[in-house]
Amino acid sequence: MLIGSFEAILDALSDGVMVVDSAGEVLYANAMAESLFACPQGLLRGRYVDMLVPAALASRHAEHRRAYSHSPTVWNMESRGCVTPGYRLDGTVVALYIKLAPVSVGDVSIIVVSLREGAADQSVRANPSAP
């Protein structure tokens, strides 16, 4: 029952929230995360975050993701002024501020991803030093 309550609380947030494992598999995505990526409810769960990156950046993102999983730390791209492109399932690209936060739950390591839509007039660019 408590798990369902946490999901309801996370769905009430104005930011997108995803929980992913070190391989990039989405374990949970709240309603706003699904909306940001133009996904039907429940579609992101069990998929990989690499599908949410524009094709031109996919291999670079996979490299950053692998490196980050070996040395995870809080990473706030908004505080660095970086807007990251996200690939929506409808084929459009959305500018996103992304924050990564590693969390250990028992012996399992997960990454909590906070997503916020960037300013429409801000150019989307890849951060060369991103994790």
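The following dialogue examines how terms are applied to a predicted model of one protein chain.

Biologist: What makes up the protein chain in terms of helices and strands?

Modeller: The protein chain contains 3 helices and 6 strands. Along the sequence their order is α-β-β-α-α-β-β-β-β.

Biologist: How do you know which confidence the predictor gives to the protein chain?

Modeller: The pLDDT, which runs from 0 to 100, averages 86 over the protein chain, and 88% of the residues score at least 70. Over residues 123-129, however, the pLDDT is below 50. That stretch has 20 contacts in the model beyond near neighbours in sequence. Where pLDDT is low, predicted coordinates should not be read in detail.

Biologist: Why is Trp75 called buried?

Modeller: Buried means under 20% relative accessible area. Trp75 has a relative accessible area of 12%, and therefore it counts as buried. Trp75 belongs to strand E3, residues 75-76. Its C-alpha lies 8.2 Å from that of Ile98, although the two residues are 23 apart in sequence. Of the 131 residues of the protein chain, 37% count as buried.

Biologist: Why are Arg45 and Glu7 said to form a salt bridge?

Modeller: The term requires a side-chain nitrogen of Lys or Arg within 4 Å of a carboxyl oxygen of Asp or Glu. For Arg45 and Glu7 the distance from N to O is 3.9 Å, so the pair meets the rule. Arg45 lies in the loop between H2 and H3, while Glu7 lies in helix H1 (residues 2-11), so the pair ties together parts that are 38 residues apart in sequence. In general, side chains of opposite charge can pair when their charged atoms come close.

Biologist: Why are Arg45 and Glu7 called partly exposed?

Modeller: Partly exposed covers the range between under 20%, which is buried, and over 50%, which is exposed. Arg45 has 43% relative accessibility, so Arg45 falls in that range. Glu7 has 29%, and therefore Glu7 also counts as partly exposed.

Biologist: How many salt bridges does the rule give?

Modeller: The count comes to 4 salt bridges. Among them is the pair of Asp15 and Arg116, with 2.7 Å from N to O. This pair links distant parts of the chain: Asp15 is in the loop between H1 and E1, and Arg116 is in strand E6, 101 residues apart. Asp15 has a relative accessible area of 17%, which is under 20%, so Asp15 is buried. Arg116, at 37%, counts as partly exposed.

Biologist: What makes Arg65 and Asp50 a salt bridge?

Modeller: Their side chains meet at 2.9 Å, N to O, and the limit is 4 Å, so the pair qualifies. Arg65 is in helix H3 and Asp50 in the loop between H2 and H3, 15 residues apart. Arg65 is buried because its relative accessible area is 16%, whereas Asp50, at 22%, counts as partly exposed.

Biologist: How do you know that strands E1 and E6 pair?

Modeller: Two strands pair if at least two bridges are found between them. Strand E1 (residues 16-20) and strand E6 (residues 108-117) are joined by 5 bridges, so they satisfy the rule. These strands run antiparallel. One of the bridges places Gly16 opposite Leu115 in E6.

Biologist: Which bridges join strand E5 to E6 and to E4?

Modeller: E5 and E6 pair in the antiparallel sense over 10 bridges, and Lys99 has Ser114 in E6 as its bridge partner. Strand E4 (residues 84-87) is joined to E5 by 4 bridges, also in an antiparallel arrangement. Tyr87 stands opposite Val93 in E5.

Biologist: What is found in the hairpins of E5 and E6 and of E4 and E5?

Modeller: The hairpin of E5 and E6 has 2 residues between the strands, and Gly106 there has a positive phi near 65 degrees. The hairpin of E4 and E5 has 5 residues between the strands, and Gly91 in its turn has a positive phi of about 95 degrees.

Biologist: What makes the phi of Ala38 notable?

Modeller: Most residues other than glycine have a negative phi. The phi of Ala38 is near 55 degrees, a positive value in a residue other than glycine. Ala38 is found in the loop between helix H2 (31-36) and helix H3 (58-70). At 34% relative accessibility, Ala38 counts as partly exposed.

Conventions. Residues are numbered from 1 along each chain as its sequence is written. This is a predicted model: local features need pLDDT of at least 70, side-chain atom pairs count only at pLDDT 80 or more; totals for chains, interfaces and linings use all residues. Side-chain values use heavy atoms; hydrogens and water are left out. Buried means under 20% relative accessible area, exposed over 50%, partly exposed in between (1.4 Å probe, protein chains only). Contact means heavy atoms within 4.5 Å.
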